[in-house]
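Here is a walk through a two-chain model, going from domains to interface to single residues. Have the viewer open while you read.

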Amino acid sequence: MSTMRSAEGGAPLGGEHRSRESHGPTATRSAEGGAAPGGEHRSRESHGPTAMRSAEGGAALGGEQRSRASDGPTTIEAGYNFGYLDENTKRMIRRALLKAVAIPGHQVPFGSREMPLPYGWGTGGIQVTASVIGPQDRLKVIDQGADDTTNAVSIRRFFAKVAGVATTEHTAEATIIQTRHRIPEVKLREGQILVYQVPMPEPLFRLEPRVSETKRMHALADYGLMHVKLYEDIARHGHIAISYNYPVMVGGRYLMSPSPIPAFDNPKMHRMPALQLFGAGREKRIYAVPPYTSVHSLDFEDHPFQPIRANAACALCGARDSYLDEVVTDDQGGRMFVCSDTDYCNTRQGSREAAE
Amino acid sequence: MAYVAVKGGERAIDAAHAWLAEARRGDAAQPELSLEQIEQQLGLAVDRVMAEGACYDRGLAALAVKQARGDLIEAAFLLRAYRTTLPRFGASLPMDTGAMRIRRRISATYKDLPGGQVLGPTFDYTHRLLDFALAAGGTPPPAPMAAPEGEATPRVTGILAQEGLMAPEAKSDAEPPDLTREPLSFPADRPLRLQALARGDEGFLLAMGYSTQRGYGNAHPFVGEIRMGEVAVEIAPPELGFPIEIGEITVTECQMVNQFAGSKTEPPQFTRGYGLVFGHGERKAMAMSLVDRALRAKELGEEVDAPAQSEEFVLYHCDNIEATGFVEHLKLPHYVDFQSELEKVREMRATVFREAAE
């Protein structure tokens, strides 16, 4: 499914870097060796998408004019720069990302742009991905852990349209994984980038809605308010009553929202070999957790952090270690549990079948 | 089974888009709306979309209205998403609304004044009776025309200022901040606040302005002046060194006059709330001027306790593109977090029942 790249298309998209530095015509390789009257030269202004590839690997055309053409799955939208954002905007976002990496867990304001997808649909994540993605990247997009949820499909299509990059559903094959609400079950490795879509970057916003005030609290590392909230939870319920978007301390300094991932996923952030980038488009903030940084879920000595998952095995692959979705099967109380991470589940099912 | 149904696929999205296109067109037996018809006959909708879309282009705004099936927030969103891809050349020189070619100009603070009261094309004194003749269609008789008086139309705030009764605004040649390039930060200065309000949602500003009239914020407003008409836009390219006119836009300006009791450093006088909106947008210009004045409470040493006086509250929530996105994102799947909540609530219930049993 989701074949942004067709098997016949073969070769990865031509474009060498489309940056201001390399204005040269872009080579378009095609598997069948079709003619590529590709790159007209690109001016600084239009950075136009250079190569459009046909499924048969035939002619590729350089798009210069600003038109709303072609919706085909294997062509880049004409009239837009590689990755949609213009190069100056990407540079601005990369600067914010560098600062964010330098100060793990610290929220960096940035000039978030209006995107053609609505706020709340992942505009922050999309801008971060658009700023770090290159033609050689292989992108995976998940929502709720699944590659085939509507919003994941929509965002993957967006990048296929404006960047023409390869996409994949396999966690291990991806160089960039954009996610909403989950961290994949498979351990990520060095060189991979996990891009989180973040609705509310401020971990303290439910306790203090004024940004000017929370800024001060972060500057002073004054997180008493959150500790009191957790303490009150324990006093009232016997345990901490946060099940997702569970606040973490990054590098022992900054309190950070892990985005609304289930608390089950929190431990995966700790000393993760992959780079974790967080983009909040509407709130116009970026933050990051560099590889191998300590990420500690807030807790107390006598009330240690406890990740939550349904106490069951996946009905499809039998996993007992993965996060499960509860699926209601009828109106008689019937339900089953299946892995939320579709790639993890499919891979396990595949290897089970192979073993049989 | 159900599991498959909740996961959408590409085909579902394509089919939904096709259905949308069909619904947008409606009954194919009816003639299709042209952009010219929208621009001409739904002009105030086009104006509102330009204002909230923060892009002055009637043709594109009309296209957005058509594409959005008349959903004006969706249309403003389409226009914003287009606007964001355009290069930013620079800032224009301050517009001189005093030199406006006036189509409407009224003042509530003076019976008559230089330039006169010009009602213009207004709903104000219409009786809101459904006009069934309009349903039948037809071309109205031409409106009577008077020769322009040629008299200058000075701004009411200027008239007050001559007497020293209007608090002067600080002059600045600094390029105003641009929140489409730099994120909002607080405290926000007035140019930034005004930019945010000018792009803000008419309904939100209306409600906030209204609240200041009802005691949430201590407002005593008078409409010093509302004017609507065409104003020249000028830029001064550095390579030329002198200003050139690049076009003309229609704007609505409202100057709200408020009493100010004075402070330790300032004598009693009037202060200004300011509203400026693309196109003909009187309701929004008025609401904007009320909210602008309310947001000046801190600088004027007034008590800040009402929502309309809180910078963060107003500026973070006035943008309807941000607001609609975040409200509507709740319809995206949230089942992963909900699963955690399910387990948590079950655990909490188990604790309660166990304790009750003990």
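Let's begin with how chain B is divided up: the C-alpha centres of its domain 1 and domain 2 lie 30 Å apart. Keep in mind that this is a predicted model. In the domain assignment, domain 1 of chain B covers 10-83, while domain 2 of chain B is made of 97-121 + 151-318. Where the two meet, 8 residues of domain 1 of chain B are in contact with 10 residues of domain 2 of chain B. The domain 1 side of that contact has 5 nonpolar and 3 charged residues, and no polar ones.

Stepping back to chain B as a whole, its secondary structure comes to 14 helices and 4 strands. The C-alpha atoms of chain B fill a box of roughly 80 × 65 × 55 Å along the principal axes. Of its 358 residues, 32% count as buried. Take the contacts in chain B between residues at least 6 apart in sequence, and 65% of them join residues at least 24 apart.

**Chain A and its confidence**

Chain A averages a pLDDT of 81, with 78% of the residues scoring at least 70. The stretch to watch is residues 1-74 of chain A, where pLDDT stays under 50. The model still has 149 contacts beyond four places in sequence for that stretch. Where pLDDT is low, the predicted coordinates should not be read in detail.

The assignment splits chain A into domain 1 (1-66), domain 2 (83-308) and domain 3 (309-356). Between domain 2 of chain A and domain 3 of chain A, the C-alpha centres are 26 Å apart. Their contact takes 17 residues from domain 2 of chain A and 8 residues from domain 3 of chain A. On the domain 2 side, those residues divide into 7 nonpolar, 4 polar and 6 charged.

**Where the chains meet**

How many residues does each chain put into the contact between chain B and chain A? Chain B gives 39 residues and chain A gives 51 residues. On the chain B side, helices H1 (2-6), H2 (10-25), H6 (72-83), H13 (320-328) and H14 (335-357) of chain B each supply at least two residues. H14(B) provides the largest share of that side, with 11 residues. By class, the side of chain B that touches chain A has 17 nonpolar, 10 polar and 12 charged residues.

**A sheet in chain A**

Chain A has an open sheet of 3 strands in the order S7-S6-S10, with antiparallel pairing. Strand S7 (254-256) and strand S10 (295-297) of chain A are the edge strands, each pairing on one side only. Neighbouring strands in this sheet are turned by 30° against each other on average, direction ignored. Strand S6 (residues 248-250) of chain A is joined to S7(A) by 3 bridges. Within that pairing, A:Val248 stands opposite A:Met256.

**Helix H4 of chain B**

Helix H4 (residues 43-53) of chain B is mostly covered, with 8 of its 11 residues buried. Which residues of H4(B) are buried? They are B:Val46, B:Asp47, B:Arg48, B:Val49, B:Met50, B:Ala51, B:Glu52 and B:Gly53. Right after H4(B) comes B:Ala54, whose phi is positive, near 55°.

**Backbone details**

Two residues of chain A and one proline of chain B are worth a look in the viewer.

| Residue | Backbone value | Place |
|---|---|---|
| A:Tyr84 | phi near 75° | segment before helix H1 (87-102) of chain A |
| A:Ala221 | phi near 50° | loop between helix H4 (211-219) and helix H5 (224-237) of chain A |
| B:Pro187 | omega near 0° for the bond from B:Phe186 | loop between H8 and helix H9 (190-199) of chain B |

The peptide bond from B:Phe186 to B:Pro187 is cis. A:Tyr84 and A:Ala221 each have a positive phi in a residue other than glycine. Are they buried or exposed? A:Tyr84 counts as buried because it has 24 C-beta neighbours inside 10 Å. A:Ala221 has 12 such neighbours, so it counts as exposed.

Finally, B:Glu149 sits in the loop between helix H7 (132-136) and helix H8 (156-162) of chain B. B:Glu149 counts as exposed because it has 11 C-beta neighbours inside 10 Å. The C-alpha atoms of B:Glu149 and B:Phe204 are separated by 38 Å, and the two residues are 55 residues apart along the chain.

Key: Residues numbered from 1 in each chain as written. Chains lettered and ligands numbered in written order. Predicted model: local features only at pLDDT ≥ 70, side-chain atom pairs only at ≥ 80, totals over all residues. Buried ≥ 20, exposed ≤ 12 C-beta atoms within 10 Å, placed from the backbone. Contact = placed C-beta atoms within 7 Å. pLDDT = per-residue confidence, 0-100. Domains from an automatic or database assignment. Nonpolar A, V, L, I, M, F, W, Y, C, P; charged D, E, K, R; others polar. Pairing = 2+ DSSP bridges. Axes fitted to C-alpha atoms, helices over the stretch in contact; angles between N-to-C directions.
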